[in-house]
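Student: Could you take me through one part of this model up close? I'd like the stretch around a strand pair, with whatever packs or opens up beside it.

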Amino acid sequence: MLKTRSITFAFYKFSANLKLMTLVIDVGNTFIKLAVFNNDALLLKKVVSENAVIHGVEDIKNRYPKLNTAIISSVGSLKNETIHFLQSQFKLHELSSQVRLPFENLYETPHTLGVDRMALVAASVKQFPKKNVLIIDAGSCITFDFINRDNEYLGGAISPGIQMRYNALHNFTAKLPLLKSEEPINLIGTSTNQAIHSGVVNGVLNEIDGVINKYKLNYSDLTVILTGGDAKFLSKQLKSSIFALPDFLLEGLNYILQYNSNE
């Protein structure tokens, strides 16, 4: 969440023109995504570092000069300078637990629910209404979020992401190297590097397939969404049938903004 700021962001009713185009800002743990929507249509998407946000937004404003409304979701952090710039350019709205959501939130500690997870569940309501949906976000962490056909969000799970597992093997041992994700050549690793790839990647794949199968024991008509930075890498290796939707979080943020504009 955004820290060191006392500014309150309020949602408001859009006029017909303002509702058409919005800037969505997703501040993750590693990168920041900027996306422009015209109603439900994704017009532009770019990924930037924290230091490049202002430049990236300026480029977007040059391309879409009438763009003046933005929503921000932050699990990472932005500099005060960047926030002040965004406030000077847009009617800026921050996603928080205080925002009206398009589903019933049954999480026991709603104030601790990550805003990225809120947005993912919102996207599932928009695209798969009245369905039992499991959303898997494979990023810095792997999150599992479940909403039932009655539009009730029940919760889920949080697990270390792929690169976090590689980092842990390197940081908490004396001699294991730090590797980047790579599809294992064989189940049985015949070198230390191969053994690490097999352990990390197959561990994640079996975890995801196992969680999906457990949900299917209770919800045979389950719809499964895979998104996040590692979705493409994992989707071709998973045994379970899934929808791989890389822009799901951005679409959820856009929908939350639309949903609150219609209060």
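Tutor: Here is a walk through β8, β9 and what surrounds them. This is a predicted model, so to speak of local features we need pLDDT of at least 70, and side-chain atom pairs count only at pLDDT 80 or more, while totals for chains, interfaces and linings use all residues. Residues are numbered from 1 along each chain as its sequence is written, and side-chain values use heavy atoms, with hydrogens and water left out.

Let's start with D145, which sits in strand β8; helices (H or I, at least four residues) and strands (E, at least two) are DSSP runs numbered from the N terminus. D145 is buried, at a relative accessible area of 0%. On this scale buried is under 20% relative accessible area, exposed is over 50%, and partly exposed is in between, using a 1.4 Å probe and protein chains only. The D145 side chain makes a polar contact of 2.8 Å with the side chain of R117. For that term, take a pair of N or O atoms within 3.5 Å; within protein, one must be able to donate a hydrogen and the other to accept it, and residues adjacent in sequence count only if both atoms are side-chain atoms. Leaving aside residues up to four places away in sequence, D145 also touches V121, V133, L134, I135, Y153, G155 and G156, where contact means heavy atoms within 4.5 Å.

R117 turns up again with I158, in strand β9. I158 is exposed, at 59% relative accessibility. Beyond four places in sequence, I158 touches R117, C141, I142 and T143.

Next comes helix α5 (residues 162–171), whose buried residues are I162, R165 and Y166. Seen down the axis of α5, these fall within an arc of 100°, so they line one face of the helix; the arc is that of the directions from the helix axis to the C-beta atoms. As a reminder, an α-helix has 3.6 residues a turn, so residues three or four places apart point the same way. The cover over the buried residues of α5 includes β8 (141–147) and β9 (152–160), along with α6 (192–218) and α7 (231–235).

Now the loops. N151 is in the loop between β8 and β9, where its phi is positive, about 65°, although it is not a glycine. N151 is partly exposed, at 29% relative accessibility. K130, in the loop between α4 and β7, also has a positive phi, near 60°, in a residue other than glycine. K130 counts as exposed at 69%.

Both loop residues are in the lining of the largest cavity, which includes K130, N151, F128, I147 and D150. That cavity holds about 40 Å³. On a 1 Å grid over the protein atoms alone, a cavity is a set of points where a 1.4 Å probe fits but cannot get out, whereas a pocket is an open set with protein on both sides within 12 Å along at least five of seven lines; lining residues have an atom within 4 Å of a point.

The largest pocket has a volume of about 890 Å³, the space filled by probe spheres set on grid points joined across faces, edges and corners. Of its 34 lining residues, G28, N29, G139, S140 and G229 are the closest to its centre. β8 and α5 are among the elements giving two or more residues to that lining.
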